[in-house]
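Reader: Before we discuss this protein as a whole, I would like a close look at a single part of it. Please choose one helix, describe where it sits, and then work outwards to what surrounds it.

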Amino acid sequence: MSESDTNGDQRPAGEDPPYIDLVVGPNHESDNRNFGRMLAEFRELAGLSRSEAAARLDVSAEYLRLIELGRRTPAMAQMRTFIDAYGIPGELGKLQPGGDRPDLILFPPNTEEPVTVDFVSRIRETRRRSTHVPQKAQKKRNGLQPAEAELPSETRAVELGYIVSLLATADDRTLGKVYDLLQSSPAK
């Protein structure tokens, strides 16, 4: 058993997507410390003192110190402010080729690989648990009988999401072609 299995630092096996490098939030002390160190490094690279950075972030210098030590974690919504204030090369919630959508992607200096970060909170985890009830169990819980048409598999849903994100950026001519193609293809 690894150290992370014994200290509550990880979710049970199989719950983290394989592309996530850091999971930050309650009960993820090791990743919180690593994330805090990374944010401190970005702050220093931006040439900001902790008090200057705190002013730009609209937080107290003490709160920023706790974040950098890994004792607190910023909310995912605060990360846009960090990215802007520190000039961090990063993206929030961007759909990746292949369908992954990490909460945050950072490009740390002196590394070739990006770092993906998943933000958890007690509220977010409660929502995830309530929305990840298997479909048949959900219908049973609601007193409904399984319908003939089931929701698409998780893989198919990811593929559909990626296609929709591509369509959102398509020009009118392309959308017209896709529309015509879908109208002419027989339904399964």
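Author: Helix α5, residues 79-86, lies across β2, β3 and β4, and runs at about 160 degrees to β2. The model is a predicted one, and what follows should be read as a description of that model.

To place this helix, it helps to set out the chain first. The protein chain has 9 helices and 4 strands, and from the N terminus on its elements follow the order α-β-α-α-α-α-β-β-β-α-α-α-α. Of its 188 residues, 27% count as buried. Among contacts with a separation of 6 or more, 45% are between residues 24 or more positions apart.

The sheet that α5 crosses is open and consists of 4 strands in the order β1-β4-β3-β2, with mixed pairing. Its edge strands are β1 (22-24) and β2 (90-92), each of which pairs on one side only. On average, and with direction ignored, neighbouring strands of this sheet are turned by 20 degrees against each other. Helix α2 (residues 29-45) also packs on the sheet, where it touches β1, β3 and β4, and its direction makes about 95 degrees with that of β1. Within the sheet, β3 (residues 104-106) and β4 (residues 115-119) pair in the antiparallel sense over 3 bridges, and Leu106 stands opposite Val115 in β4.

Turning to the side chains of the helix itself, the buried residues of α5 are Met79, Phe82, Ile83, Ala85 and Tyr86. These buried residues pack against α2, α3, α4, β2, β3 and β4, a list that takes in both helices and strands. The largest nonpolar core has 24 residues, and those with the most contacts inside it are Phe35, Leu64, Phe82, Tyr86, Ile88, Leu104 and Val117. Two or more residues of this core come from each of β1, α2, α3 (50-57), α4 (61-69), α5, β3 and β4. It is α5 that gives the most to this core, with 5 residues.

Tyr86 deserves separate attention. Leaving out residues up to four places away in sequence, Tyr86 touches Leu39, Phe42, Arg43, Ala46, Leu48, Ala53, Leu57, Leu64 and Glu68. One of these partners, Ala46, is found in the loop between α2 and α3, and at 33% relative accessibility Ala46 counts as partly exposed. Although Ala46 and Tyr86 are 40 residues apart along the chain, their C-alpha atoms are separated by 5.5 Å. Just after α5, Gly87 takes a positive phi of about 65 degrees.

The contacts of Tyr86 include residues that also take part in the meeting of α2 and α4. Two packed helices are described by the angle between their axes and the distance between the axes. For α2 and α4 the angle is about 120 degrees and the axes are 6 Å apart, which makes α2 oblique to α4. On the α2 side the residues involved are Asn32, Arg33, Gly36, Arg37, Leu39, Ala40 and Arg43, and these meet Leu64, Ile67, Glu68 and Leu69 in α4. Sorted by class, this contact has 5 nonpolar, 2 polar and 4 charged residues. Leu39, Arg43, Leu64 and Glu68, which belong to this contact, are also among the residues that Tyr86 touches.

Asn32 shows how α2 reaches other parts of the chain. This residue is in helix α2 and, at 6% relative accessibility, counts as buried. Apart from its neighbours within four places in sequence, Asn32 is in contact with Val23, Val24, Gly25, Ile67, Gly70 and Thr73.

Two loops among these elements carry backbone features that should be noted. Most residues other than glycine have a negative phi. Asn27, which lies in the loop between β1 and α2, has a positive phi of about 70 degrees although it is not a glycine, and at 48% relative accessibility Asn27 counts as partly exposed. Asp58, whose place is in the loop between α3 and α4, likewise has a positive phi, near 60 degrees. With a relative accessible area of 71%, Asp58 is exposed.

To return to the helix chosen at the start, α5 lies across three strands of the sheet, β2, β3 and β4, and with 5 residues gives the most to the largest nonpolar core.

Note on methods: Residues are numbered from 1 along each chain as its sequence is written. This is a predicted model: local features need pLDDT of at least 70, side-chain atom pairs count only at pLDDT 80 or more; totals for chains, interfaces and linings use all residues. Side-chain values use heavy atoms; hydrogens and water are left out. Two strands pair if DSSP finds at least two bridges between them. Axes are lines fitted to C-alpha atoms, for helices over the stretch in contact, and angles run from 0 to 180 degrees between N-to-C directions. Contact means heavy atoms within 4.5 Å. A nonpolar core is a set of buried Ala, Val, Leu, Ile, Met, Phe, Trp, Tyr and Cys residues joined through side-chain atoms within 4.5 Å. Buried means under 20% relative accessible area, exposed over 50%, partly exposed in between (1.4 Å probe, protein chains only). Angles under 35 degrees count as roughly parallel, over 145 as roughly antiparallel, 65 to 115 as roughly perpendicular and the rest as oblique. Ala, Val, Leu, Ile, Met, Phe, Trp, Tyr, Cys and Pro count as nonpolar, Asp, Glu, Lys and Arg as charged, and the others, Gly among them, as polar.
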